[in-house]
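Me: Hi! I have a model open and would like to talk it through with you. Could you help?

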Amino acid sequence: MKKILIIGATSAIAQAFCKRSLHNAQNDFYLIGRNAEQLELIANDLKVRGAQNVFVEAADLNTFEQHEKLIEKAQNCLKNFDWVLVAHGVLGDQKSAEHNSHQTLEIIHSNYTSQATLLNCIADKMEKMGSGVIGVLSSVAGDRGRRSNYIYGSAKAAITTFLSGLRVRLFKSNVQVLTIKMGFVDTPMTAQFSKGPLWTKPETIAMELVSLFENKKNGEYYLPFFWRYIMLVIRLLPSFIFNKMNFL
Ligand SMILES: NC(=O)c1ccc[n+]([C@@H]2O[C@H](COP(=O)([O-])OP(=O)(O)OC[C@H]3O[C@@H](n4cnc5c(N)ncnc54)[C@H](OP(=O)(O)O)[C@@H]3O)[C@@H](O)[C@H]2O)c1
């Protein structure tokens with residue numbers, strides 16, 4: 001039985017992850033998200049699926065001054081964090097954000113700053129616990145800035161770099177840090193895009209994600225795996241070609 005803290009628990013991928021984790025265990029969950037009503041629905045569903053205890057906490061994660069108390073409360077409740085998944089984020093409207101500082105900051109705070117400050121609080125606790133796995137949902141968008149989403153991509157690149165350092169910090173404390181670089185996943189975040197062969201369902205991601213947690217993996221993982229090769233090519237493209245690829 002695992003004690004699992006989920007930050008951004010209303011995310012479609014986070015929900016699929018929680019359900020998948022119950023396939024062979026009766027876990028305890030502490031769910032943090034900003035939609036109280038939806039959190040209750042998710043909690044009830046997880047209980048029906050065999051979860052032991054499910055606690056919920058409604059909070060806007062961009063309210064940074066709450067972070068320490070939020071994590072303190074979660075620890076008091078669960079006592080221990082076996083697994084932590086950080087799943088909140090927004091795609092935002094790139095074109096509009098280019099001319100609007102408020103929107104730019106919203107994208108950066110949701111995908112990077114809030115995650116960094118929460119992870120600082122979580123790391124302090126888990127360092128003392130001396131075990132556990134932290135997973136954060138990053139994106140292939142952070143591998144190279146693209147015309148269509150470079151504000152979002154820059155925040156994902158920042159969290160990926162943050163996690164690379166956090167992994168080194170927590171290595172001595174036996175805490176694993178997973179950076180999950182995902183490609184296209186069919187969730188509410190991407191509802192406006194037409195889907196093609198490169199698209200994946202949250203349930204497929206969740207299956208691989210739970211396996212990474214169960215096997216205490218440490219490091220950066222592309223999900224699905226083939227994005228490693230796609231992004232290798234994208235990263236290697238010379239600028240004089242890449243700059244002409246406006247459609248990306
Ligand atoms: N879908 C993809 O193709 C894809 C690809 C790569 C990476 N990712 C990353 O995967 C993660 C999960 O996304 P998803 O695909 O599961 O999309 P999703 O279902 O739209 O989940 C995003 C969640 O983040 C929550 N959130 C955003 N800002 C928040 C805040 N300030 N406070 C609390 N909650 C907040 C949203 O809550 P509300 O519902 O209340 O708005 C929503 O539940 C994100 O970090 C995303 O960037 C997704």
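Reply: Happy to; we can go through a helix, the ligand shell and the nonpolar core, bearing in mind that this is a predicted model.

Me: Let's start with α3. How many residues does it have?
Reply: Helix α3 runs over residues 67-78, which is 12 residues. From first C-alpha to last it reaches 17 Å, close to the expected 16 Å.

Me: Which residues of α3 are buried?
Reply: His67, Leu70, Ile71, Ala74 and Gln75 are. Viewed down the axis of α3, the buried residues fall within an arc of 130°, so they line one face of the helix.

Me: And what do they pack against?
Reply: The buried residues of α3 pack against β1, β2, β3 and α5. On the other side of α3, Lys69, Glu72 and Asn76 are exposed.

Me: What follows α3?
Reply: Lys79, with a positive phi near 75°.

Me: New topic: the ligand. How many residues surround it?
Reply: There are 26 around the ligand, and the closest are Ser11, Leu61, Gly89, Thr187 and Met189. Elements giving two or more residues to that shell are α1, α5 and β5.

Me: How does the shell divide into nonpolar, polar and charged?
Reply: The shell around the ligand has 11 nonpolar, 13 polar and 2 charged residues.

Me: Last one, the largest nonpolar core. Which residues have the most contacts inside it?
Reply: Ile6 and Ile13, in a core of 65 residues. Helix α6 gives the largest share of this core, 7 residues.

Me: What does Ile13 touch?
Reply: Leaving out residues up to four places away in sequence, Ile13 touches Ala87, Leu137, Val185, Thr187, Pro202, Ile205 and Ala206.

Methods. Residues are numbered from 1 along each chain as its sequence is written. This is a predicted model: local features need pLDDT of at least 70, side-chain atom pairs count only at pLDDT 80 or more; totals for chains, interfaces and linings use all residues. Helices (H or I, at least four residues) and strands (E, at least two) are DSSP runs, numbered from the N terminus. The expected span of a helix is 1.5 Å times one less than its number of residues. A residue is buried if 20 or more other C-beta atoms lie within 10 Å of its own, exposed if 12 or fewer, and partly exposed in between; C-beta atoms are placed from the backbone. The arc is that of the directions from the helix axis to the C-beta atoms. Two residues are in contact if their C-beta atoms, placed from the backbone, lie within 7 Å. A residue is near a molecule or strand if its C-beta atom, placed from the backbone, lies within 6 Å of it. Ala, Val, Leu, Ile, Met, Phe, Trp, Tyr, Cys and Pro count as nonpolar, Asp, Glu, Lys and Arg as charged, and the others, Gly among them, as polar. A nonpolar core is a set of buried Ala, Val, Leu, Ile, Met, Phe, Trp, Tyr and Cys residues joined through C-beta atoms within 7 Å.
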